[in-house]
Amino acid sequence: MEIELKFNIPSGTVAAQIWDNELFRKSEEEGSREELYMDAKYFDTENCDLAKNDIAYRVRKEGDRHVAALKWKGHSEDGLHVREEINVPVDSDFPNPSVFRESNVGSQVMELIEGKELHCFLETTVNRKMFRIDTGTGIFEISIDSGEIATKYGTSPIEEVEVELFAGETEELVSIGNMLQEKYNLTPENESKYARGIRMRRETRSTGSCDAGLFFMPDFMAETLEKQRQRRYNYLHYVLKTEEEIY
């Protein structure tokens, strides 16, 4: 399971201040700083079979390596994103979802596509700066992203910071996010890069195939657009209950 907070960054100056890490300097892990160029391609069938089943399939170039990912059962509330995720190292950005066939969701994907051709309908390019902090009770990775989302209908900028939970409790993740938000006047972002790209396509109001712009938005993505900054307490309670059931 992937659990992270996501905030929009208002300016390059604020991004630089977060990177300077005045706020968490004492808890930063030595040697954890890394800068990476990432190029992610999202694939689906002509009829959007994966999106219609709340599944995202991505192949991302991360520096010198490629990583394929499946993401599903996503929820977000006030910038807190929770979703299931599987990552597998691969040799290239060519779509080959069979690498997930040993998992239940991978088997579902293979049944959904049934040999259909996969198309790249969305691409994101990001320059990422990241470092980890160890508070003694939890480990978290802070990533500062600058780049763009691209579809055949246009582009949209990416300027955001993510705080991902590696070890520890979601409550502490939220506390760290609150500190960042207050110090740098950040705005919670409930849409993933993938969801933003889908919204860009939907707003073309085109008709026809998936590639022509009539792209189905899964229920969990539509929900993120309608419930900004609502039910945070209830959602956090749900996350904590889910963690207890899993662990």
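## Close-up views of a predicted model

**The buried side of helix H2.** Helix H2 (residues 104-113) has Val105, Gly106, Val109, Leu112 and Ile113 as its buried residues. These sit on the same side of H2, because they span an arc of only 120° around the axis, where the arc is taken over the directions from the helix axis to the C-beta atoms. "Buried" here is under 20% relative accessible area, "exposed" is over 50%, and "partly exposed" is in between (1.4 Å probe, protein chains only). Helices (H or I, at least four residues) and strands (E, at least two) are DSSP runs, numbered from the N terminus. On the face turned away from the buried side, H2 carries the exposed residues Asn104 and Glu111. The cover over the buried residues of H2 includes E3, E4 and strand E5 (80-90). Just after H2 comes Glu114, with a positive phi near 45°.

A note before the other views: this is a predicted model, so local features need pLDDT of at least 70 and side-chain atom pairs count only at pLDDT 80 or more, while totals for chains, interfaces and linings use all residues. Residues are numbered from 1 along each chain as its sequence is written, and side-chain values use heavy atoms, with hydrogens and water left out.

**The whole protein, for orientation.** The secondary structure adds up to 6 helices and 9 strands. Of the 247 residues, 51% count as buried. Take the contacts (heavy atoms within 4.5 Å) between residues at least 6 apart in sequence: 66% of them join residues at least 24 apart.

**Strand E3 and its two partners.** Strand E3 (residues 55-62) is largely enclosed by the rest of the structure, because 7 of its 8 residues are buried. Strand E2 (residues 34-44) runs antiparallel to E3, and 6 bridges join the two; strands pair if DSSP finds at least two bridges between them. Lys41 has Val59 in E3 as its bridge partner. E3 also runs antiparallel to strand E4 (residues 65-77), this time with 8 bridges, and Glu62 stands opposite Arg65 in E4. The hairpin of E3 and E4 has 2 residues between the strands, and Gly63 in this hairpin takes a positive phi near 65°.

**Two aspartates with positive phi.** Asp54 is not a glycine, yet its phi is positive, about 60°. Asp54 belongs to the loop between E2 and E3, and its 25% relative accessibility makes it partly exposed. Asp78 is not a glycine either, and has a positive phi of about 50°. Asp78 lies in the loop between E4 and E5 and is buried, with a relative accessible area of 5%.

**Gly168, on the way into helix H3.** Gly168 is in the loop between strand E8 (154-167) and helix H3 (170-184). With 36% relative accessibility, Gly168 counts as partly exposed. Setting aside neighbours within four places in sequence, Gly168 is in contact with Thr137 and Gly138. The C-alpha atoms of Gly168 and Thr137 are 6.1 Å apart, although 31 residues separate them along the chain.

**Helix H3 from end to end.** H3 has 15 residues and reaches 21 Å from first C-alpha to last, close to the 21 Å expected at 1.5 Å a residue; the expected span is 1.5 Å times one less than the number of residues. The buried residues of H3 include Leu173, Ile176, Leu180 and Tyr184, and polar ones such as Glu172 and Gln181 are on the list too. Asn185 follows H3 with a positive phi near 55°.

**The largest nonpolar core.** This core has 25 residues, and those with the most contacts inside it are Ile18, Ile142, Val161, Val163, Leu173 and Leu186. A nonpolar core is a set of buried Ala, Val, Leu, Ile, Met, Phe, Trp, Tyr and Cys residues joined through side-chain atoms within 4.5 Å. Elements giving two or more residues to the core include strand E1 (2-8), helix H1 (12-20), strand E6 (119-134) and strand E7 (139-151). The largest share, 5 residues, comes from H3. Not counting residues up to four places away in sequence, Ile18 touches Ile9, Phe131, Ile142, Ile144, Val161, Leu180, Tyr184 and Leu186. Another core of 16 residues lies apart from this one, with Leu36, Ala51, Met130 and Ile158 among them.

**Glu191 and its partner Arg199****.** Glu191 is found in the loop between strand E9 (187-188) and helix H4 (193-202). Its relative accessibility is 7%, so Glu191 counts as buried. The side chains of Glu191 and Arg199 are joined by a polar contact of 2.9 Å. A polar contact is a pair of N or O atoms within 3.5 Å; within protein, one must be able to donate a hydrogen and the other to accept it, and residues adjacent in sequence count only if both atoms are side-chain atoms.
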